[in-house]
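Work through the following exercises with the sequence and the model open side by side. Each task is followed by a solution that proceeds step by step.

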Amino acid sequence: MSETNPTAAAVALSGLRKRYGAVTAVDGVDLEIRPGEVVALLGPNGAGKSTTIDMILGLSAPDAGTARVFGRTPAEAVREGRIGAMLQNGTLLDDLTVAETVRLVASLHRHPLPVERALQRAGAQDLAARRANRLSGGQAQRVRFAIALVSDPALLVLDEPTAAMDPATRRDFWKAMYEDTAAGRTVLFATHYLEEAEEYADRVVLMTGGRIAADGTVAEVRAAAGGRTIRAAVPGAAEADLRALPHVTGCDLREGRAELASADSDATLRALLARFPAARDIEIAAAGLESAFLTLTDQTRDDEPEPAR
Amino acid sequence: MNLTYTRIEIRRALRNSRFLIFAFAFPVFLFLIQTNVFVADDDPGKDTATAVIMVNMLAFGVFFAAMSNGGRLATERAAGWQRQLRLTPLTGRSYMLGKGVTGLLLGVPVLVAVPVIAVLANGVSLDGAQWTRILLGTWLGAVPFILLGLLIGQLARPDTLQPLSMGLSLVMGFLGGMWIPVDAMPTWMQHLSPVLPSYWLTQLGRGAVTGDLSRGLGLTAAVLAAWALALGALVIGRYRKDSARA
């Protein structure tokens with residue numbers, strides 16, 4: 001019963017939905033994370049990242065759909081110490097030292113790491129004797145990382161772990177995190193720093209409006225948003241015609257100027273010129289993850305961009 | 001019961017200066033002052049009067065330990081620490097139970113200190129049965145107050161906590177007979193006082209040292225048990241509501 005089912009996904013979400021009053025925070029999320037994957041959950045504020053994470057952790061119950069962690073309910077996975085998490089806006093207890101805080105959490109788990117080892121892995125060993133109210137924002141995050149690690153969890157969930165850090169601290173944090181996950185831990189982290197997703201994640205899941213807008217490797221997500229962007233003045237063209245061109249994944253037409261996102265800009269451009277010989281002022285630009293992010297999370301669009309997988 | 005967890009909980013409480021002042025130093029200090037001011041050396045009832053003051057201070061000490069214990073619940077709630085704990089195998093029930101046990105243990109220092117001073121400095125002399133009723137009674141009689149503290153911790157925010165617990169201390173202390181012995185109360189207050197559970201907490205010990213203005217042990221225990229049941233139901237109800245909202 002307590003063995004990990006080798007075929008089970010580390011995280012499996014299906015049809016997950018959650019409403020808060022009139023707001024649908026998560027609106028039908030399906031996601032499967034394989035053991036050992038490092039996945040970045042990207043998206044603007046209000047995209048539903050934290051709500052999704054809360055349901056994976058069992059901190060809130062979905063209105064519809066299911067969340068499974070290693071084939072178990074989140075509550076069971078938590079009880080077995082399989083999940084370690086750094087929550088957003090969490091604080092530490094001011095009346096305890098760092099070592100005591102981590103020991104307290106360790107004492108609640110069945111098979112914890114030695115406190116010193118957890119502190120060391122999180123790069124917080126030099127903070128052991130410090131009270132929580134004497135820590136900087138970045139130091140507090142490292143301690144909270146140690147708390148997440150102390151149960152030696154198979155799945156690590158980090159909700160915007162570097163939000164309060166300056167760039168140097170952020171780099172150190174990811175270094176510690178990277179060394180730790182070499183051991184094959186599954187990691188899901190939410191972030192709004194694109195470079196963090198680009199640099200540290202095997203896979204990027206982009207959320208917007210409570211749904212998954214794109215899911216794949218960084219390269220795939222870029223492609224999903226249009227590997228390139230073609231801008232041109234196309235007199236007389238209708239948006240539907242432009243969208244019908246091959247490999248077009250997105251289209252924005254304003255006063256005769258079109259901005260096309262394309263997965264294969266060469267093919268799209270040839271077709272564009274064949275169909276609209278009057279097209280002029282043509283520019284082609286490569287889309288970075290940032291523009292992919294903007295394209296895919298642009299909520300003014302009615303259509304859903306094609307996911308990469 | 002998790003020993004490491006409980007030990008760290010106790011250590012946290014002992015680091016809190018408000019706890020140390022109000023649940024330990026203040027009752028000791030008040031005992032010394034009241035016995036000096038109100039008990040004359042040539043008073044034939046001096047031993048009883050001293051014992052009554054001791055009993056009241058014990059009640060006040062365990063009362064404030066319970067309030068301070070519940071206060072940590074509010075702090076942990078506001079700090080997001082309860083969410084962190086929900087990611088461990090600790091169940092909500094064990095969490096609340098642990099807080100209850102900690103509340104009981106936090107009453108122990110004052111239950112030791114005041115009697116030791118009363119015996120050594122004031123020559124209070126009581127038999128085993130009297131001591132058992134006073135110490136064990138006051139200790140267990142703290143249960144409804146521990147539940148009251150937890151209820152406040154479930155409801156209050158850290159910034160409303162202090163005025164709330166100070167206000168309650170004043171009412172329970174003066175009207176409920178912990179700071180002023182019933183003997184010193186005007187008649188109208190003597191009639192009003194039994195409304196408050198702190199009156200019955202002081203009665204637990206008072207009955208062991210004097211029959212004057214005392215209630216029977218059975219009635220006292222029953223009233224406190226009723227308070228414990230009512231407050232326990234409120235704590236559990238609130239706890240269920242909190243868990244369901246998740």
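**Exercise 1: Residues with positive phi**

A:Asp281 lies in strand β13 (residues 280-286) of chain A, where helices (H or I, at least four residues) and strands (E, at least two) are DSSP runs numbered from the N terminus. The model is a predicted one, in which local features need pLDDT of at least 70, side-chain atom pairs count only at pLDDT 80 or more, and totals for chains, interfaces and linings use all residues. Residues are numbered from 1 along each chain as its sequence is written, while chains are lettered from A and ligands numbered from 1 in the order in which they are written.

Task: determine the sign of phi at A:Asp281 and at A:Phe70, and decide whether A:Asp281 is buried or exposed and whether A:Phe70 is buried or exposed.

Solution. Begin with the general expectation: most residues other than glycine have a negative phi, and most peptide bonds are trans. A:Asp281 is not a glycine, yet it has a positive phi of about 50 degrees. A:Phe70, in the loop between β4 and α2 (74-79) of chain A, likewise has a positive phi, near 50 degrees, and is a residue other than glycine.

For the surroundings, a residue is buried if 20 or more other C-beta atoms lie within 10 Å of its own, exposed if 12 or fewer, and partly exposed in between, with C-beta atoms placed from the backbone. A:Asp281 has 9 other C-beta atoms within 10 Å and is therefore exposed, whereas A:Phe70 counts as buried because it has 22 C-beta neighbours inside 10 Å.

**Exercise 2: Placing A:Arg117**

Task: locate A:Arg117 in the secondary structure, classify its exposure, and find how far it lies from A:Ala77 in sequence and in space.

Solution. A:Arg117 belongs to helix α4 (residues 115-121) of chain A. It has 15 other C-beta atoms within 10 Å, so it is partly exposed. Finally, A:Arg117 and A:Ala77 are separated by 40 residues in sequence and by 23 Å in space, C-alpha to C-alpha.

**Exercise 3: Organisation and confidence of chain A**

Task: describe how chain A is divided into domains, and state where its pLDDT stays under 50.

Solution. The domain assignment, whose bounds come from an automatic or database source, gives domain 1 (11-221) and domain 2 (226-286) of chain A. Taken over C-alpha atoms, the centres of these two domains are 40 Å apart. The secondary structure of chain A comprises 11 helices and 13 strands, and 47% of its 309 residues are buried.

Turn next to pLDDT, the predictor's confidence in each residue, from 0 to 100. Chain A averages 86, and 89% of the residues score at least 70. Among the elements of chain A, strand β4 (residues 64-69) has the highest mean pLDDT (96) and helix α11 (residues 289-297) the lowest (67). Over residues 299-309 of chain A pLDDT stays under 50, and the model has 25 contacts beyond four places in sequence for them, two residues being in contact if their C-beta atoms, placed from the backbone, lie within 7 Å. Where pLDDT is low, the predicted coordinates should not be read in detail.

**Exercise 4: Two helices of chain B**

Task: compare the end-to-end reach of α3(B) with the expected span, do likewise for α8(B), and relate the helices to the UniProt record.

Solution. The expected span of a helix is 1.5 Å times one less than its number of residues. Helix α3 (residues 46-78) of chain B has 33 residues and reaches 48 Å from its first C-alpha to its last, close to the 48 Å expected. Because 27 of its 33 residues are buried, α3(B) is largely enclosed by the rest of the structure; B:Gly80, with a positive phi near 75 degrees, follows α3(B).

Helix α8 (residues 143-155) of chain B has 13 residues and reaches 19 Å, close to the 18 Å expected. This helix too is largely enclosed by the rest of the structure, since 10 of the 13 residues of α8(B) are buried, among them B:Pro144, B:Phe145 and B:Gly153.

In an unreviewed entry, UniProt places the feature "transmembrane region" at several stretches of chain B, including residues 51-75 and 133-152; its positions are given in the numbering used here, feature names are shortened, and annotations may be inferred rather than shown by experiment. Residues 51-75 of chain B are 100% helix and 0% strand, with end C-alpha atoms 36 Å apart, and residues 133-152 of chain B are 95% helix and 0% strand, with end C-alpha atoms 29 Å apart.
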